[in-house]
Amino acid sequence: TVFARCTPEHKARIVSALRAGGHTTGFLGDGVNDLPALHAADVGICPRNAVDVAREAADVVLAEKDLTAIDRAVVAGRRSSGNIATYLRITLSSNLGNVIAMLTAGLMLPFLPMLPAQVLVQNLCFDAAQLAFAFERPAASVVRRPTVLRPRDFLRFITGFGLLNAAADLATFGVLALALHNAPGDGGETAFHAGWFTENLLTQALVMILLRTGRTAAERKAGGPLRTAAAGLAAVGVV
């Protein structure tokens, strides 16, 4: 829709109507007649050669005479928000599962399920692998629409996947306990520590691949920084 020959009041009314309809609005203007719309928009934008009052009213001042900078900024913001959402889902759900499994195992086992040094190394490796999110290119669906984290859906996802992660850890505990039941001396305890450490890193690497936001099956198969980091994390667990 194109609006032409608008008065300052009309511009502000159009922006307000879009916001009332649930849209996040940006308005680009450079003159005094654009002030009402700049104030009414979620993001007011003006070029650097705009009048002083417009620059003061704007939230963003373009440093170059290039309107494509707005498009690049929107895309960069959506990529960042998509990667942040994926990072939060993976990290919080994985940590919740580990906490539940660790507490449960601590009540059931006569020894620590994992040594403190192993916990620190595991967290360090997992956090280092997730630095790849800074270089990850989200799927096209993430760039088309902004990522919105709704608290209720977010907590539901974290709880559900965290419990699933905890169930996988507890199943691993059961298998290790049965396999090492008759191990002599402290060999069973040491093997248990190593087994859960390996399983945990392999699981976290798999989660990093599966929970990338907005990925189709074909996109998940494609290479990328996150896939490389997950492979490195899995290699550390196996070694």
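Helix α7, residues 151-179, is the main contributor to the lining of the second largest pocket, with three residues. The model described here is predicted. The second largest pocket encloses about 190 Å³ of space. Its lining is made up of R89, P146, T147, V148, L149, R150, D153, F154 and F157. Sorted by class, this lining holds five nonpolar residues, one polar residue and three charged residues.

The largest pocket holds about 550 Å³ of space. Its lining counts 18 residues, and those closest to the pocket centre are T24, G26, V74, R78 and P146. P146 also appears in the lining of the second largest pocket. Several elements contribute to the lining of the largest pocket. Strands β1 (26-28), β2 (43-47) and β3 (60-62) each supply at least two residues, as does helix α4 (68-108). The greatest share comes from α4, which gives six residues. Nonpolar residues number 11 in this lining, beside five polar and two charged ones.

The position of the largest pocket follows from the domain layout. The protein chain is split into domain 1, covering 8-65, and domain 2, covering 76-238. Their C-alpha centres are 44 Å apart. Domain 1 and domain 2 both give residues to the lining of the largest pocket, and the pocket therefore lies between them.

The strands that help line the largest pocket, β1, β2 and β3, also belong to a sheet. This sheet is open and has three strands, in the order β1-β2-β3, with parallel pairing. Strands β1 and β3 are the edges, each pairing on one side only. On average, neighbouring strands of the sheet are turned by 25 degrees against each other, with direction ignored. The parallel pairing of β1 with β2 runs over three bridges. Within the sheet, F27 stands opposite G44 of β2.

Salt bridges were examined next. The structure contains five of them. One joins the side chains of R19 and D42, at an N to O distance of 3.1 Å. R19 sits in helix α1 (residues 8-20), while D42 sits in the loop between α2 (35-40) and β2, so this pair ties together parts that are 23 residues apart in sequence.

Taken together, these results place the largest pocket between domain 1 and domain 2. Helix α4 gives the most residues to the lining of that pocket, whereas helix α7 gives the most to the lining of the second largest pocket.

Key
Residues are numbered from 1 along each chain as its sequence is written. This is a predicted model: local features need pLDDT of at least 70, side-chain atom pairs count only at pLDDT 80 or more; totals for chains, interfaces and linings use all residues. Side-chain values use heavy atoms; hydrogens and water are left out. On a 1 Å grid over the protein atoms alone, a cavity is a set of points where a 1.4 Å probe fits but cannot get out, and a pocket is an open set with protein on both sides within 12 Å along at least five of seven lines; lining residues have an atom within 4 Å of a point. Grid points are joined across faces, edges and corners, and a volume is the space filled by probe spheres set on the points. Helices (H or I, at least four residues) and strands (E, at least two) are DSSP runs, numbered from the N terminus. Ala, Val, Leu, Ile, Met, Phe, Trp, Tyr, Cys and Pro count as nonpolar, Asp, Glu, Lys and Arg as charged, and the others, Gly among them, as polar. Domain bounds come from an automatic or database domain assignment. Two strands pair if DSSP finds at least two bridges between them. Axes are lines fitted to C-alpha atoms, for helices over the stretch in contact, and angles run from 0 to 180 degrees between N-to-C directions. A salt bridge is a side-chain nitrogen of Lys or Arg within 4 Å of a carboxyl oxygen of Asp or Glu.
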